[in-house]
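Reader: I have a chain open in the viewer. Can you walk me through how to read its strands and sheets?

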Amino acid sequence: MKLSLLSCALLLLLVTAPGSGPWPAAGAQNSCLQRCGDRGGQCSCHPTCFGLGTCCPDLRNFCLEIAPYSGSMMGGKDFVVQYLKLSDPTASVICRFKGAVQTLGHVDSNGRVHCVSPLLYETGRIPFTVSTDNALSFPLSGTWLAGKPYSAAWTAKWSYLYSLATNISNSGFFTFIPKPALEKYQKWRVGALRIVSSKHRPGEMNVPALWSNEHALAWHLGSDFRADPVAWARTQCLNWEMLEDNLPNFLEELPDCPCTLDQARADSGRFHTDYGCDIEHGSVCTYHPGAAHCVRSVQASPRYASGQQCCYTKDGTQILTADSTSGSTPDRGHDWGAPPFRAPPRVPGLSHWLYDVISFYYCCLWAPECSRYMLRRPSSDCRNYRPPRLASAFGDPHFVTFDGANFTFNGHGEYVLLEAVLTNLSVQARAQPRTRPDGTQDRGTGLTAVAVQEGKSDVVEVRLTSGTGALQVLLNQEVLSFAEQKWMDLNGMFLSVSAKDSVTIMLSSGAGLEVSVLGPFLSVNVLLPEKFLTHTQGLLGTLNDNAADDFTLRSGQVLPPTANSRELYRFGADWAVKNASSLFTYDSRLLVNKFLYGPKHDPTFQPLFPEDTTSSPSLETEAAKLCEDNHFCSFDVAATGSLSMGNATRVAHQLHQYRVQSLQPVVSCGWLAPPSNGSKDGTKYLMGSKVYFHCKNGYSLAGAEVSTCLADGTWSNLPPTCEPGRSHAVLLGIVFGGLAVVAVVVLLYVLLHRRKRSM
């Protein structure tokens, strides 16, 4: 094996692949040649055709699938085109990505077509085509999903430097002792290692390879570093400081951090777990000792593509760099980058390393100059943080609106949960009845699919598969696999699958959706930033801090909060999805006949209303023990005869209530500085917190010794100052010292006087 040195990033693949000639006429309606994604014609070339049985016979010859579907953004991933075999093992295979970047493929001994992923500097779904006739034609096409790429003063470029070793036997591991690099390589401070076959020429790009993560190339540091590492690192830190002070102020456009750990973990539309400090995995916080959990802003800031970081102690207190070097530090370059990627600070991974990480090494790890770094990467406090608003749907199904109204609507059909003209956000849900073990259907329903789109973003649908009840995610009507990647950077959103039964969708507006399996149905949480106030409609209500108008029909008519269950059923039915605006995928005959060609709201379905529920005495007793005062739980037990169904509803409702409590606004008075020539006790700045001030010896406190954070967001007292002069301790010492001298003199006088009298 052969090792090469480069700087790196990461690519995720999602592809489709090629077939062999002779080809039918381009665009022929009975073939998929140049028709991938087309539903029309005599047969279909759209992903939904598999469930409908309408696929063209040559679909998999032209609309390709690959395995594996993910790899390093640096390229070098060998992937195989599925369902395609060539009889000629000498066929010349060329794979072209985004119409420009070509890599050399090959046909293996089994006739399978291979491609190698290239180095590309962007994320998203990248189209590619394949030629099997030495680039005379590219009839086979697909797409791949690229993640972690690079964006005005310079253009990002990875460069080959030199080989560490060649012709090493493949034992499964490789170790080496770094030696000082030649002087011409010493300017390269960040890089990565690549392992390739020794049959390739040195530095050859876009060949099968394994990559390390990007890291500091410490052995590239020159003789001046080896002579005095601290002095060298201090010089680098000061150079970075001068450069940083001439760059734009990126801090002003970053979002404020949540005030508490509970808020940070609940605001999943705008903040995501920083995997370098995760409370779910033991809180191993190498760069933030003392922290229990950190989060990062999901979206890069609009102008400078920067990122926010927020860290918290185990008791939920935010840690600020002004108080501790363990505090959270914002990033000039968002770690995930941002379009258009190829120029700083928008290059994923690399920009973050060059602007934020290597400078941390210089100032904090290699030299005692961390105060300089923290001054230019100060933590954000939370004075301007506004928690998002939460609405939920779960169980049979029950709805809790953004303004807190709640109701039950067990319609059978597809409905609008949320529409917001502000960003053209649409969230839709499908509700279906549950089939009991005896084959009969419940008179209640539950959510089985949720779909979302914002503006011109991708469409993501999360649904329960029939039969197994497993969670399935579709991107633009094509089923996604999460076997290799749990995180995807998509058009207008990020997608995270943290567990097999939960999906989080983070939209560019800051809105977020969490869809999870609870019991036999889906549970949905929708989070909206404050900017959506007065801009929503649908089953989740009109977000305006007034629950009285949450039951608003499409016509604008408002049902009163006291509306009975049948009136609320009419409200729910009124928000049935219209075919022209449906976001759902209809890839089975059942879905086509029931929801595409049938009415979006089934008028023949007879629901069970709360006032009509009846249960056996024994079931009522068990339900009372389980549900207590949770009327959603009680209704679902009565409607389904299932205690497990009721329990799932109870858990979902409790999770909603806990989330609402976590997202309650918190008053912050902001950071208080210690007085010059003094100190303070207290690093909490929320309402009710107290901060105490002290002065060094030789100084006296001028002002209040303690300040309390008040309900109006102000401190009860201005910060004091430490004035030169004798401190209270010194004055007391002088006083008591003087008294002691006087006492000694008096005592001596008394003793002498008694002695004279006795003589």
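**Reading the sheets**

Author: Start with strand order. This is a predicted model. Four strands make an open sheet, ordered β2-β3-β7-β6, with antiparallel pairing. The edge strands are β2 (66-67) and β6 (106-107), and each pairs on one side only.

Reader: Over how many bridges do strand β3 and strand β7 pair?

Author: Four bridges, in the antiparallel sense. Strand β3 covers residues 78-85, and strand β7 covers residues 112-116. For the register, take Asp-78: Val-116 in β7 stands opposite.

Reader: What is the strand order in the open sheet of three strands?

Author: The order is β13-β14-β15, and the pairing is antiparallel. At the edges are β13 (271-273) and β15 (309-312), each paired on one side only. From one strand to the next, the twist averages 30 degrees.

Reader: Which residues mark the register here?

Author: Take each pairing in turn. β13 and β14 are joined in the antiparallel sense over three bridges. Phe-271 has Ser-297 in β14 as its bridge partner. Strand β14 (residues 293-297) also pairs with β15, antiparallel, over four bridges. There, Arg-296 stands opposite Gln-309 in β15.

Reader: How should I read the side chains along a strand?

Author: In a regular strand, side chains alternate between the two faces of the sheet. Now the case of β14. His-293, Val-295 and Ser-297 point one way, whereas Cys-294 and Arg-296 point the other way.

Reader: Are the residues of β14 buried or exposed?

Author: Buried: five of its five residues are, so the strand is mostly covered under the cut-off of under 20% relative accessible area. That includes Arg-296 and His-293.

Reader: Why does Val-190 count as buried?

Author: Because its relative accessible area is 6%, and buried means under 20%. Val-190 lies in strand β10 (residues 190-196). Look also at Leu-354. Its C-alpha atom is separated from that of Val-190 by 7.6 Å, although the two residues are 164 residues apart along the chain.

Reader: Now the whole chain. How many helices and strands are there in the protein chain?

Author: There are 13 helices and 35 strands. Of the 759 residues, 53% count as buried.

Reader: What does the accessible surface of the protein chain come to?

Author: About 34600 Å². Carbon and sulfur atoms account for 55% of that surface.

Key: Residues numbered from 1 in each chain as written. Predicted model: local features only at pLDDT ≥ 70, side-chain atom pairs only at ≥ 80, totals over all residues. Heavy atoms only, no water. Pairing = 2+ DSSP bridges. Helix = DSSP H or I, 4+ residues; strand = E, 2+ residues; numbered from the N terminus. Axes fitted to C-alpha atoms, helices over the stretch in contact; angles between N-to-C directions. Buried < 20%, exposed > 50% of the residue type's maximum accessible area, 1.4 Å probe, protein only. Areas by Shrake-Rupley, 256 points an atom, 1.4 Å probe, with all protein chains shown as cover.
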